[in-house]
Amino acid sequence: MESQSPPPPLRCFSDSHQSELFRDDGVQTVTSAEQRKVERSIQDVLTVYQQIHSLPQPTLLREQHYQYLKKGLRHLSDAYECLDASRPWLCYWILHSLELLEEPVPAAVASDVCQFLARCQSPTGGFAGGPGQHAHLAPTYAAVNALCILGTEEAYNVINREKLLDFLYSVKQPDGSFVMHVGGEVDVRSAYCAASVASLTNIITPTLFEGTHNWIISCQNWEGGLGGVPGLEAHGGYTFCGTAALVILGKEHMLDLKALLRWVTSRQMRFEGGFQGRCNKLVDGCYSFWQAGLLPLLHRALFKDGDMTLSLSSWMFEQQALQEYILLCCQNPAGGLLDKPGKSRDFYHTCYCLSGLSVAQHFGNKDLHHELILGKEENRLAPTHPVYNICPEKVAQAIQYFHQLPIPAQNGEPACAEDQS
Ligand SMILES: [Zn+2]
């Protein structure tokens with residue numbers, strides 16, 4: 001038998017790793033003390049790992065994650081009562097995690113999920129956080145993504161596209177932005193949720209996103225990232241939403257891409273390897289997707305802009321360091337993933353840690369694909385679509401299905417739009 005070469009050394013066990021620890025320049029603040037505390041807790045985790053394992057082969061706890069997710073799809077503990085208004089999100093987080101792990105969903109369970117999401121659909125269009133609640137863009141995004149992951153005729157048919165378009169018009173604002181729900185707040189998440197569901201289900205009319213790209217671009221600030229609304233601090237979640245929405249609308253080149261690149265790459269933590277959401281904040285596993293997920297979008301945007309210096313084999317962040325953080329610091333031994341050592345697991349962090357791990361493992365797309373899998377081959381996840389964060393085949397399948405159907409008539413279109421012809 002051929003002898004296998006030893007796995008490459010881990011970055012976090014190299015001699016130079018200690019030099020990446022945070023330096024407070026002799027000025028201790030609340031923030032710097034918190035940062036040191038997190039670094040110490042990560043150091044403890046790494047030390048324990050090194051004591052137990054002779055080979056640097058971090059393992060994805062597939063089976064444990066699968067059992068945790070499978071249980072969640074059928075039954076949730078009382079701890080999830082606070083997420084009663086986010087039930088389509090739970091469906092999406094669990095279904096997407098399962099597809100990344102390449103674990104099929106039994107047909108009967110898939111059908112139950114379809115029927116549940118159908119009950120969350122509002123009579124006025126869009127989906128609510130639970131049956132009988134008001135429609136809201138966030139659960140609408142989650143429900144449409146969940147249904148596209150299921151990808152069955154039954155799943156697609158749950159979506160009332162005519163009513164969905166009415167709902168999107170009802171939350172559209174004259175300046176191009178969207179409110180999250182009728183009477184609710186404006187922020188850049190809503191533009192992404194609207195663009196995501198409208199593009200997947202083929203209901204984009206000529207006026208639906210009029211002015212939206214200019215409004216999103218005005219959310220990019222001096223830091224280079226995007227805030228929730230114009231003038232606010234740059235934030236990973238909002239930056240992902242704004243950038244992905246612009247990609248859908250074909251306007252990403254209007255951002256200052258280099259400033260955005262500098263901002264997002266500076267959010268990867270030197271010692272931890274994971275990402276922070278904002279400047280001076282702590283590492284958090286969920287930003288493994290919200291921040292690292294920006295790099296595929298940026299790579300593509302810069303490529304379209306004719307940048308000839310781009311790598312053809314890796315994204316512009318430390319892919320191995322992120323995998324080390326997720327695999328060594330964010331897994332609960334009993335299944336599920338988490339924010340950072342000491343925090344408890346949940347389905348949100350499970351979904352976005354796995355999504356970030358997938359981004360860090362797969363460079364490129366179908367035509368040009370390069371994998372960097374830390375640890376054994378069994379750690380490999382399925383690739384994810386960087387705009388929708390569902391698997392690319394499911395995006396293609398949904399778009400193919402809904403593009404056979406006509407774009408619905410613009411019943412809900414505001415009267416002012418008619419004057420522009
Ligand atoms: Zn988080």
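**Exercise 1.** Which residues does Asn145 touch, not counting residues up to four places away in sequence?

*Solution.* The model is a predicted one. Start with the position: Asn145 belongs to helix H5, residues 137-150. Next, list the neighbours: Asn145 touches Tyr92, Ser196, Leu200, Tyr388 and Ile390, with residues up to four places away in sequence left out. Then look for a polar partner: the side chain of Asn145 reaches the backbone oxygen of Tyr388 at 3.0 Å. Last, take the accessibility: Asn145 has a relative accessibility of 0% and therefore counts as buried.

**Exercise 2.** Identify the atoms that coordinate the zinc ion, and classify their arrangement.

*Solution.* Step one is the donor list. The zinc ion is coordinated by Asp284 (OD), Asp284 (OD), Cys286 (SG) and His349 (NE2), at 2.1 to 2.4 Å. Step two is the geometry. Four donors count as tetrahedral if all angles lie between 85 and 135 degrees. The four donor atoms here subtend angles of 58 to 130° around the zinc ion, so the arrangement is irregular. Step three is the order along the chain, where the donors follow the spacing D-x1-C-x62-H. Asp284 sits in the loop between helix H11 (257-265) and helix H12 (287-290), while His349 is in helix H15 (residues 347-361), so the pair ties together parts that are 65 residues apart in sequence. Step four is burial: Asp284 and His349 are both buried.

**Exercise 3.** Find where Glu102 and Asn280 lie, and state whether each is buried or exposed.

*Solution.* Take Glu102 before Asn280. Glu102 is not a glycine, yet its phi is positive, about 55°. Glu102 lies in the loop between helix H3 (87-100) and helix H4 (107-120). With 52% relative accessibility, Glu102 counts as exposed. Now take Asn280, a residue other than glycine whose phi is positive and near 70°. The loop between H11 and H12 holds Asn280. Its relative accessible area is 55%, so Asn280 is exposed.

**Exercise 4.** Describe the chain as a whole, from secondary structure to surface.

*Solution.* Begin with the elements: the chain has 17 helices and two strands. Its radius of gyration is 22 Å, close to the 22 Å that the globule rule gives for 421 residues, so the chain is as compact as a globular protein of that length. Along the principal axes, the C-alpha atoms fill a box of roughly 65 × 50 × 45 Å. Of the 421 residues, 54% are buried. Among contacts between residues at least 6 apart in sequence, 70% join residues at least 24 apart. Finally, the chain exposes about 19,000 Å², of which carbon and sulfur atoms supply 53%.

Terms used: Residues numbered from 1 in each chain as written. Predicted model: local features only at pLDDT ≥ 70, side-chain atom pairs only at ≥ 80, totals over all residues. Heavy atoms only, no water. Donors = N, O, S within 2.8 Å, 3.2 Å for Na, K, Ca; no water. Tetrahedral: all angles 85-135°; square planar, octahedral: opposite > 155°, others 65-115°. Helix = DSSP H or I, 4+ residues; strand = E, 2+ residues; numbered from the N terminus. Buried < 20%, exposed > 50% of the residue type's maximum accessible area, 1.4 Å probe, protein only. Rg over C-alpha atoms; globule rule 2.2 N^0.38 Å. Contact = heavy atoms within 4.5 Å. Areas by Shrake-Rupley, 256 points an atom, 1.4 Å probe, with all protein chains shown as cover. Polar contact = N/O pair within 3.5 Å; in protein donor to acceptor, adjacent residues only side chain to side chain.
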